[in-house]
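Have the model open in a viewer with selection by residue number. Each stop below says what to select and what is found there.

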Amino acid sequence: MEKRGPGGSRMARGGMLAAGRAASCAQLLGSTRHCPWKMNQLPPRSPVASLASENTNSRVEALDNLSMDSFWLEVENIKQSTEAEQEECSLADVKTQEEGEAEAEWLQDAGLSELLGDVASDKDKLVLLSTLTRTQAAAVQRRLDTYSRSRRRRNKHPVRDVRDIFGVGSSEDSAAEKEESSPDPLWHNLRTSNTQRTETPDYSCTVRNPGKEEVFNMDVAYSEQAAVLLKGSFLSESRKLKDGNALTRFKIPKGRLGVTRIGDLSAQDMKKIPTLALIELTALCDVLGFELKRNKAAKLKTTEKRLFGVPLNTLLENDQKLLPNTKVPLLLQALLSCLEKRGLETEGILRVSGSQTRIKSLEQKLERDFYSGLFCWDEVHQNDVSGLLKRFIRELPAPLLTAEYLPAFAAVQNIPDLKQRLQALNLLILILPESNRNTLKALLEFLSKVVARENNNKMNLWNVSTVMAPNLFMHKGLPNKIPEGKEKQLAEGAADVVRMMIHYQDLLWTVSSFLVAQVRKLNESSSKRYQFCDKRIKHLLRKIHADKDKVEKNQGEPSKIVKVHASLLLKDSLEVHLNNATRVADVLRQFQKNLCQNGWNIVNTVNLLKCNNSMECTNLLLYEVGGNIGEHCLDPDTYLLDLYHINPHAEWIIKQNPSYPRMF
């Protein structure tokens with residue numbers, strides 16, 4: 001017999017993959033009649049987007065030297081694991097929407113359902129319009145205009161004309177006609193109030209330098225930045241994307257108000273973020289010339305299982321009965337913990353498939369014994385655990401990236417500029433439901449740990465991305481077809497999106513400063529309880545700009561004395577003298593000094609971590625509470641006098657860092 005070494009075996013396997021790839025693509029990605037798994041379809045690009053198609057093609061071609069074998073092997077493994085089951089789709093078939101339905105659904109999701117009514121709403125919901133930037137307002141106008149035309153064509157009851165809201169012509173009118181014929185203060189104020197911001201040149205960047213650090217501006221709306229770039233020179237040079245450290249590094253510049261991460265805002269304020277992010281994402285896509293495609297939400301079918309194939313919210317509700325405040329499913333936590341303890345050093349972890357028979361048996365044992373605590377993880381092979389992890393993600397009734405926005409995540413690859421791709425991903429992360437976002441973050445943090453052990457497990461960033469992409473972007477409940485000949489491009493694009501989510505996750509889990517500012521405006525406006533009508537909105541805009549002028553005048557105030565409370569720790573409050581250089585970190589240090597030297601009356605000493613008779617300042621956080629914000633955990637580099645001018649009616653409270661273990 002002819003002997004064949006390990007290298008020959010790999011070559012033979014590569015040849016088999018190459019020979020069978022076309023058939024595999026057609027069966028798994030092209031034809032949807034006989035296979036339950038499909039790659040989600042990308043939305044078509046508009047003519048404006050085609051101007052940058054050469055850059056996109058160059059970027060995709062640069063990935064050719066990065067092996068896609070892991071992707072297709074994972075597709076084959078998924079096929080084998082589901083062939084015998086032939087389960088029904090978990091999601092209802094996506095129905096074709098009539099003209100205007102998509103726009104109506106968008107307006108509802110954007111918190112503007114009152115615009116669909118025939119008369120003005122008595123509720124003060126539409127103050128949201130007063131917070132929009134010029135490009136955001138234009139995005140709302142386009143959808144309302146399309147919806148209005150579709151209603152008129154169907155001879156239904158008249159709807160409010162777009163000019164009644166924005167005081168301008170239809171979206172088909174030229175910009176020059178709008179400026180000349182629009183006396184309405186709403187559109188004028190939205191346009192002029194953002195002129196100064198959109199002319200700021202410090203965030204424009206037309207050269208992409210892999211491996212070097214660039215500024216990622218979050219103070220100005222992404223759509224406004226894109227509009228300025230389009231007026232100038234669009235990124236035209238080809239860019240070679242490489243793996244690992246060669247990827248461009250981005251730095252978020254800290255302004256005077258610091259940086260806000262997901263989790264720093266209260267649940268009340270975070271509920272406002274998805275609608276604002278949806279409007280901004282739509283505006284960004286409009287400016288770039290890309291259609292934001294969304295699937296219609298479908299009802300999930302119930303299952304008798306307790307773990308696999310169960311909706312995330314149901315899993316969390318069950319888990320929270322055992323452990324309150326659980327944010328990530330306990331099963332996923334157990335799978336990740338097991339892999340972190342014994343699997344990070346395993347060569348080919350995630351890529352090398354475990355035994356499908358054992359994985360199916362382990363799933364049944366977990367369904368039976370997990371919640372009783374009788375399941376023993378020590379006896380489970382690590383490749384089988386990684387198989388269970390991927391199976392858990394695939395078996396979710398709806399994709400982890402959600403059925404509604406999976407097309408948008410996939411479409412990110414069509415945006416030619418890396419910074420703008422990350423802007424779109426950042427907004428999509430903010431749009432995700434909290435349970436999906438928390439679960440995705442836990443998964444990405446684990447994948448980062450796998451990449452960090454690349455020298456031992458032989459799994460670099462691209463390897464991990466190609467293995468995980470099919471599990472995130474292929475779902476049996478989405479019957480979308482793939483254009484013929486596009487399989488390779490879509491596969492590489494999906495892997496590239498996963499790679500960006502892993503590599504840039506710290507950036508993606510940041511709430512942009514312009515969105516926090518819009519939340520503040522919403523809170524200020526809603527507290528005034530204006531009824532919505534055109535005159536009221538105009539008056540509200542004047543009032544907001546007047547208040548803004550007052551704040552700008554007050555910013556010249558050199559100092560201020562405020563009280564900082566720490567009711568859970570002390571009975572006394574701390575008086576702080578603020579000047580232009582006072583930061584949150586300075587206040588916490590002052591609090592620590594007074595606590596240790598002045599012998600304050602401590603309410604609960606066990607809340608404080610002590611080291612050499614001094615409290616660790618990192619154990620404490622300063623929160624902004626009330627005024628135009630619900631509750632906001634402040635960045636240590638926040639300048640407090642600037643914050644006071646923006647929110648003078650807030651209270652400042654020192655609390656223990658929840659990430660530190662409590663000592664009682």
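Select residues 487–503, which form helix 22. Helix 22 has 17 residues and spans 24 Å from its first C-alpha to its last, close to the 24 Å expected at 1.5 Å a residue; the expected span is 1.5 Å times one less than the number of residues. Helices here are DSSP runs of H or I with at least four residues, strands are runs of E with at least two, and both are numbered from the N terminus. Of the 17 residues of helix 22, 14 are buried, so the helix is largely enclosed by the rest of the structure. Buried means under 20% relative accessible area, exposed means over 50%, and partly exposed lies in between, with a 1.4 Å probe and protein chains only.

This is a predicted model, in which local features need pLDDT of at least 70 and side-chain atom pairs count only at pLDDT 80 or more, while totals for chains, interfaces and linings use all residues. Residues are numbered from 1 along each chain as its sequence is written, and side-chain values use heavy atoms, with hydrogens and water left out.

**Helix 10 and its two partners**

Next, select residues 222–231, helix 10. Helix 10 is mostly covered, with 7 of its 10 residues buried: Tyr 222, Ser 223, Glu 224, Gln 225, Ala 226, Ala 227 and Leu 229.

Add helix 12, residues 273–288. The axes of helix 10 and helix 12 are 8 Å apart, at an angle of about 10°. Axes are lines fitted to C-alpha atoms, for helices over the stretch in contact, and angles run from 0 to 180 degrees between N-to-C directions. Helix 10 and helix 12 are therefore roughly parallel; that term covers angles under 35 degrees, with over 145 counted as roughly antiparallel, 65 to 115 as roughly perpendicular and the rest as oblique. To see the contact (heavy atoms within 4.5 Å), show Tyr 222, Ser 223, Ala 226, Ala 227 and Leu 230 of helix 10 against Glu 280, Ala 283, Leu 284, Val 287 and Leu 288 of helix 12. By class, this contact has 8 nonpolar, 1 polar and 1 charged residues. Ala, Val, Leu, Ile, Met, Phe, Trp, Tyr, Cys and Pro count as nonpolar, Asp, Glu, Lys and Arg as charged, and the others, Gly among them, as polar.

Now swap helix 12 for helix 5, residues 134–153. The axes of helix 5 and helix 10 come within 7 Å and cross at roughly 100°, and these two helices are therefore roughly perpendicular. Arg 134, Thr 135 and Gln 136 of helix 5 meet Ser 223, Glu 224 and Ala 227 of helix 10. The contact of helix 5 with helix 10 has 1 nonpolar, 3 polar and 2 charged residues.

**Three single residues**

Which sign does phi take at Asn 325? Phi of Asn 325 is positive, near 70°, in a residue other than glycine. Most residues other than glycine have a negative phi. Asn 325 sits in the loop between helix 13 (312–322) and helix 14 (330–342), and at 70% relative accessibility it counts as exposed.

Thr 402 also has a positive phi, near 75°. Look for Thr 402 in the loop between helix 16 (382–394) and helix 17 (406–411); at 5% relative accessibility, Thr 402 counts as buried.

Then select Asp 369, in helix 15 (residues 356–369). Asp 369 is buried, at 15% relative accessibility. Apart from neighbours within four places in sequence, Asp 369 is in contact with Leu 374 and Phe 375.

**The five-stranded sheet**

Finish at the open sheet of 5 strands, with the order 6-5-11-9-10 and mixed pairing. Two strands pair if DSSP finds at least two bridges between them. Strand 6 (574–579) and strand 10 (629–633) are at the edges, each with a single partner strand, so one side of each has no neighbour in the sheet. The twist averages 30° from one strand to the next.

At one edge, 6 bridges join strand 6 to strand 5 (residues 559–565), and the two run antiparallel. Lys 563 stands opposite Glu 575 of strand 6. Strand 6 has a covered face of Leu 574, Val 576 and Leu 578, and an uncovered face of Glu 575, His 577 and Asn 579. In a regular strand the side chains alternate between the two faces of the sheet.

Strand 9 (residues 620–626) and strand 10 run antiparallel and are joined by 4 bridges. Tyr 623 has Cys 633 of strand 10 as its bridge partner. The hairpin of strand 9 and strand 10 has 2 residues between the strands, and Gly 627 in this hairpin takes a positive phi near 75°.
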